[in-house]
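Trainee: Please take me through one part of this model closely. I am new to it, so keep it plain.

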Amino acid sequence: MRILITGITGFVGGHLVEALPAGHTLTGVSRNADWPAGLAHLAGRAELHAAELADGDRVEQIVRAARPDWVIHLAGYANTGKSFREPDRCWDDNLTATRSLYDAIARTDVRPRILFASSGLVYGEPDDPDGACDERTTLKPASPYAASKAAADLLSYQYARSPGLDVVRVRLFNQVGPRQPADYALANFARQIAAAEAGRQEPVIETGDLSARRDITDVRDMVASFPLLLEKGTRGEAYNAGRGEAYRMQDLLDRLLALARVRVEVRQKVEPGRKADTAVTRADARKLRQATGWAPRIPLDQTLADVLDDWRRQAG
């Protein structure tokens, strides 16, 4: 199988390459055609190309050369908090780049099956405050990040209708795991705990608002859904991927603190703009499970322990 992966050198891309069995021919597109230090062990697993997805001619050249059977589109702007401060970049990286990729594919004679990685945050607050979001839930994105992903998600559906690209959408709820950048809450908590244990900072964790509830799934479980959807998903359809349980961020931090080797103080500071963000996300992933048989397998406590151990290795 020939597989083209955008954003291959990112957090999710690295875990995907690790999960794909040997025998596939992998081509990767990223801004820099080099594996970061944490993914150096993947050197040789894929042919890497440096490209901006907005450069349609360059992307078309890569598609024609690789002739992929599958395209897994992971590249994009992924930081909800920063999107409030730099919305133009967020919209360019998520919507404009996705359209450029699809147009580049459409100009070739290559007709791969495409998986678009959307986000569970496209739903915003659920229609039922106590309920989960299924694929029919109204889209009410509450941040530039979520709005730009919702637009790219709908664009993917439109391109499945006309010009008829074979696009399947997966709406990924919150995913965590080893190697996640410290821009994200749980990774940042673990980074600070590991630094405090190593004596590199005072035993104090600074956090944002901890009242939000998030559906948290291990990234290694999430990437396992991608080949299944490419094999069994229906063109144009959207599928939620998530555990189906909403965890309060305070409770998740408490679980990490229980693993800490030193006593740590917590100081909250709410980031300006984040009060407008979605308070609760929870996935109804029955459609994905019925179509593919996928289900999360890694317990949340194991994920949290693995994330903390990863930051301990870096701190050491």
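How many disulfides does the structure hold?

Mentor: The structure holds zero disulfides (cysteine sulfur pairs within 2.5 Å). Cys-90 is in no disulfide, and the nearest cysteine sulfur, that of Cys-133, is 19 Å away. Seen from Cys-133, the closest cysteine sulfur is that of Cys-90, and 19 Å is too far for a bond. Cys-90 is buried (under 20% relative accessible area; exposed is over 50%, partly exposed in between; 1.4 Å probe, protein chains only), with a value of 0%. Cys-133 is buried too, at 1%.

This is a predicted model: local features need pLDDT of at least 70, side-chain atom pairs need 80 or more, and totals for chains, interfaces and linings use all residues. Residues are numbered from 1 along each chain as its sequence is written, and side-chain values use heavy atoms, without hydrogens or water.

Now the close look, at helix α10. Helices (H or I, at least four residues) and strands (E, at least two) are DSSP runs, numbered from the N terminus. Helix α10 covers residues 300-315. Its 16 residues should span 22 Å at 1.5 Å a residue (times one less than the residue count). The end C-alpha atoms of α10 are 23 Å apart, which agrees.

Which residues of α10 are buried? They are Leu-300, Thr-303, Leu-304, Ala-305, Asp-306, Val-307, Leu-308, Asp-310, Trp-311, Arg-312 and Ala-315. What covers them? The cover includes three strands, β7 (175-176), β10 (217-218) and β12 (246-248). It also includes the helices α6 (185-197), α7 (219-232) and α8 (249-259).

Take Thr-303 inside α10. Its relative accessibility is 0%, so Thr-303 counts as buried. Leave out residues up to four places away in sequence. Thr-303 then touches (heavy atoms within 4.5 Å) Val-176, Gly-177, Asp-218, Arg-220 and Ile-298.

Now look at α10 from the side of helix α6, which is among its cover. Ala-190 is found in α6. At 0% relative accessibility, Ala-190 counts as buried. Setting aside neighbours within four places in sequence, Ala-190 is in contact with Leu-256, Val-307, Leu-308 and Trp-311. Val-307, Leu-308 and Trp-311 also appear among the buried residues of α10. Ala-190 and Asp-309 are 119 residues apart along the chain, yet their C-alpha atoms are separated by 8.5 Å.

Next, the sheet. It is an open sheet of seven strands, in the order β3-β2-β1-β4-β5-β6-β11, with parallel pairing (at least two DSSP bridges between two strands). Its edge strands are β3 and β11 (238-241), and each pairs on one side only.

Start at the β3 edge. Strand β2 (residues 25-30) runs parallel to β3, joined by five bridges. Val-29 stands opposite His-49 in β3. After β3 (46-50) comes a loop that leads to α2 (56-66), and Asp-55 lies in that loop. Asp-55 is partly exposed, with a relative accessible area of 38%. The C-alpha atoms of Asp-55 and Ala-104 are 9.1 Å apart, although 49 residues separate the two in sequence.

Finish at the β11 edge. Four bridges pair β6 (residues 166-172) with β11 in the parallel sense. Arg-169 has Ala-238 in β11 as its bridge partner. Both faces of β11 are covered. Ala-238 and Asn-240 are buried on one side, Tyr-239 and Ala-241 on the other.
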